[in-house]
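User: Hey, can you walk me through this model? I'm new to this, so plain words please.

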Amino acid sequence: MSTLQPVAEPKVTQTGGQCRRHLLDLDDFSPQEIEAVMETADGMREVLGREIKKVPTLRGKVIVTLFYESSTRTRVSFEQAAKILSADVINVSADSSSVSKGESLLNTALTLQATGADFLVVRHPHSGAPYLMASHLERSGVINAGDGWHAHPSQALLDMYTIRRHLGRLAGVKVAIVGDVLHSRVARSNLWGLARVGAHITLCGPPTLLPLDLLRGAGAEGGAYLPDTVAVETDLDRALDGADVVMVLRLQKERQQAGLLPSLREYCRLWQVNPKRLERAKPGALVMHPGPMNEGIEISPAVAHGSQSLIEEQVTNGVAVRMALLYMLAVPGREEAQR
Amino acid sequence: MQEARNGRYVRSYNGLWLQFEADSCNLSPATKGEGFFVADEKRLMGPDDIRRALARLSHEVVERHRGAQDLVFVGVHTRGVPLAHRLAGNVSRLEGVHVPVGVLDISLYRDDLGRRASPVVHPTQFPVDIDDKCVVLVDDVLFTGRSIRAAMDALMDMGRPRLVQLLALVDRGHRELPIRADYVGKNIPTAMSEEVQVRLQEVDGVDEVVLLTSATAVTA
Amino acid sequence: MSGEAILIQGARIIDPSRGLDRPGDLLVCDSLIASAGEPVDPASLPGGSRVVRAGRRWVACPGFIDLHCHLREPGHEHKETIATGTLAAARGGFTAVCCMPNTEPAIDSESMVEYVLRQARATGCVRVFPIGCITQGRQGKVLAGLRELAEAGAIAFSDDGNPVGDPHIMRMALQYTVGLGLPIINHCEDHSLSAGGVMNEGWVATRLGLRGYPAAAEEVMIARDIALAEMTGGRLHLAHISTAGAVDLVRQAKARGLAVTAEATPHHLTMNDAWVLGRRDGGAPSPQPLVLSAYDTRTKVNPPLRSPADAEALAAALVDGTIDIIATDHAPHAITDKLVTYEEAAFGISVLETALGSLMGLVHGGLVDLPTLVHRLTVGPSQVLGGRFDDLATLRPGTPADVVLFDPDEEWTVDVGQFASKGKNTPLDGCTLKGRVKLTMVQGRVVFDGMGGAI
């Protein structure tokens, strides 16, 4: 169909092709796009179930993982996803590269682009780092693998995929997100993604670990930027009441040292998700955690490893969802980009 | 399956990522090669024509294979799948044996990734092991041959069939690879500026084959 | 009339020092104002005189005085020098600038004050008045030699960039300078509340996942300083106040008759924290997706751009006099200081060349009238400094001819490539402003001529 007239001049990608070039957050995903990721992840799970887990889809594509924060599961998950799709993967970590010699993020990104990287999968402790890269890279796509407190879109998509696999839907599902909401990029991305597909979200945590504008409620100036399906609650039992899904967030112990919490003991007593508290949720409610867990702090071992826990399945689904994302983000080849 | 959008038709086959919100920053709108102004649409086959063509093709397959032993129809997503089911149904009635149908998604094997929207990937499903089976690949329209190349690669990843044959409801010519169909419902000579669409009850709510002519071709 | 004369014909003459606002001519002879407002016959001028025909509605007024800017010299000459900074000032209509002492080394000794004054005489094109440190090395621990600094020519004291965190030291600074007539200018920021904060705490910070710098971090210290000023009778000037709460505190202090003054910057008056999102609008909360230009490091400034409600409160306070002056807090930076993540980026906006254009937005929007705006840029700063620049902040005949002529209605697009300042760091790059400086004179000498062939 090469002679057919293109319907519009492409804006971002240099060729046509309805490609999303960067994955920065879920806030610009339409419900249809989220659904497309979910469906494609189903197809990818089929590939993961094959005896020979390899398809030629991304042959010749170079994917660089650039991690300025330590991470096992996210980096490995992206690497595995890329390799199953036959991409070449190069891992760069901040402590063993010119980053440690003081090279700026932007210069590192430009260097990697110049070496021919099709995608940079980046994790950075500073919110917005992927936006800085994306706005200066002409050829490489940027995939946000977690930036500061801001976003972790692939995690949110795998969480949503996991929920969808078990409940068959996302619309109307009641999700409680519990813990250190203030510092959580997972909470933020899930909030945008889940709200976009019509789920009901309750954010719950100690008042000092909730953003003040949310704590003061939607009536204050703040709330207006959030969908009205988002509620904020400091009482765990009320947050869990009738929940279909309980998403537990990691509590960094430094928060207590920084004066945000009186004691870990008090945190555990009031906000730990344990079997007793879980009774408030719907029978069989799904329990999720982005990992790594502090068992005995934000989640009790009995819940973490109990029958309602999907924590291991989240990891498997993470590979399928990231395969779907890499596939859908596939950028045009270099010759085309130059055209 | 077409949607009118801003006065133009955008072809939307199953699984195409639909239009995203245009104000979003890091998306490019619309597609290249996926849509065009449709100047003319001509119906080439109706429901009865399709039914008769499939009946003849079923007979040809049975005749060529001398029965339905070890036969597997594998439909290429999307419209090859209902066609494969209809053919399998015909053959089962003719021969009195159950003929399995596989579903093959070729998205991961395509050679045009990144040139257009990536279609949704669906699970590839085979109810039986295809090792040493006689596989008849079923697709709606045979055009450049590139989809069939991808389908054969995908198929080989799933096993080692004894024989692979190709069945297409429509052959519109313009092959770009050394591929030909073993069974053809209807040969339709076309210009490159035209497009053949097969619409099926199961997917589109109607059984028909139409020829679309783009506006550029008309004005040119 | 011996030397050359300059006649500005047919301008709107605004001289807040005398309550003058009328159409007329402005005549400058021998570097002094000869007349302002009276009609002047060009034929009566000596040969070689220059006649500038003002455009419709153009304004002639005393040159602006900036009580708060960073010229970076010595020590950070890659960001700005006195030469480039004063050129930028001239382009912005400023005829006098007071430079903050956060240089390298800091201006905490007589010799440093003298160095700046000497450099300014040699390379500056507008008047430069150095501000001395409050504490040695701006460390907040030991008072600098405040009276010696004053003798050397410092016109105020500040550790700007750093607050005076220790209340005792702040008290001593205010008490030690009693009777000196020079203000202690504090950058009010309680570090234990603002620690790590990079933008205003509020919905935008939550949305972006950036650490907030709450309004209270500023207000807590302002309240403290007002109490100390009341106790000591010292002369307190509050730098760049940015919140509605700060405005209330200052208003209450003034109502009690305290000698407390305050400044606001053009950016806090005209921008809000939604600019960090890459937006350029009223800043109402909205769920729209982030754009690639979000996390615009050019919007990173200390104190941070606040909420739209704060900006409104500042504008109201500017009108009612709670805020005495507008100061630019011109803070030029090198490109690399901003080509990093928002957390790493340097605080500061390059303001001098856009100040008038953005402030005129308040006038065009009906929030402030033009004579009030001119007052806050001329008479106001002079009064904050104890009236010592009254001769510069007036068009009274016989005073030095520090004059600016501007077109309040000219629309122009900000292009940092055209800046005289080395600091290209402004989020206004590419924005269209309405109001532009046409001519700046210091002591009767034209230091900026923006009229091209129109003269």
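Analyst: Sure, here is a chat about the chains, their domains and a few helices. This is a predicted model, where local features need pLDDT of at least 70, side-chain atom pairs count only at pLDDT 80 or more, and totals for chains, interfaces and linings use all residues. Residues are numbered from 1 along each chain as its sequence is written, while chains are lettered from A and ligands numbered from 1 in the order in which they are written.

User: Cool. Let's start with chain B, what is it built from?

Analyst: Chain B has five helices and 10 strands. Helices (H or I, at least four residues) and strands (E, at least two) are DSSP runs, numbered from the N terminus.

User: And how much of chain B is buried?

Analyst: Buried residues are 45% of the 220 residues in chain B. A residue is buried if 20 or more other C-beta atoms lie within 10 Å of its own, exposed if 12 or fewer, and partly exposed in between, with C-beta atoms placed from the backbone.

User: What about contacts in chain B between residues at least 6 apart in sequence?

Analyst: Of those, 69% join residues at least 24 apart. Two residues are in contact if their C-beta atoms, placed from the backbone, lie within 7 Å.

User: Ok, pick a helix. Which residues of α1(B) are buried?

Analyst: I50(B), L54(B), L57(B), S58(B) and V61(B) are the buried ones in α1(B). Seen down the helix axis, the buried residues of α1(B) fall within an arc of 105°, so they line one face. That arc is the one made by the directions from the helix axis to the C-beta atoms.

User: Why would residues spaced like that point the same way?

Analyst: An α-helix has 3.6 residues a turn, so residues three or four places apart point the same way.

User: What's on the face turned away from the buried side?

Analyst: That face of α1(B) carries the exposed residues D48(B), R52(B) and E63(B).

User: And what do the buried ones pack against?

Analyst: In chain B, the buried residues of α1(B) pack against β3 (38–45), α2 (80–95), β6 (134–142), β7 (163–171), β8 (183–187) and β10 (208–214).

User: How does the length of α1(B) work out?

Analyst: Helix α1 of chain B (residues 47–65) has 19 residues, which should span 27 Å at 1.5 Å a residue, and its end C-alpha atoms are 27 Å apart, which agrees. The expected span is 1.5 Å times one less than the number of residues. Right after α1(B) comes R66(B), whose phi is positive, near 55°.

User: Now α3(B), which residues are buried there?

Analyst: They are S147(B), I148(B), A150(B), A151(B), A154(B), L155(B) and M158(B). The buried residues of α3(B) fall within an arc of 155° seen down the axis, so they line one face of the helix. They pack against β4 (71–76), β5 (101–104), β6 and β7 of chain B.

User: Switching topic: how is chain C split into domains?

Analyst: The assignment gives domain 1 (5–59 + 400–454) and domain 2 (62–384) in chain C. Domain bounds like these come from an automatic or database domain assignment. The centres of the two domains of chain C, taken over C-alpha atoms, are separated by 26 Å.

User: How many residues are in contact between them?

Analyst: 33 residues of domain 1 of chain C are in contact with 46 residues of domain 2 of chain C. On the domain 1 side, β17(C) gives the most, with seven residues. By class, that side has 19 nonpolar, seven polar and seven charged residues. Here Ala, Val, Leu, Ile, Met, Phe, Trp, Tyr, Cys and Pro count as nonpolar, Asp, Glu, Lys and Arg as charged, and the others, Gly among them, as polar.

User: Where is P23(C)?

Analyst: P23(C) is in strand β2 (residues 20–29) of chain C. It counts as partly exposed because it has 13 C-beta neighbours inside 10 Å. Not counting residues up to four places away in sequence, P23(C) touches G10(C) and R12(C).

User: Last one: how many residues does each of chains C and A bring to their contact?

Analyst: Chain C brings 24 residues and chain A brings 29 residues. The chain C side has 13 nonpolar, seven polar and four charged residues.
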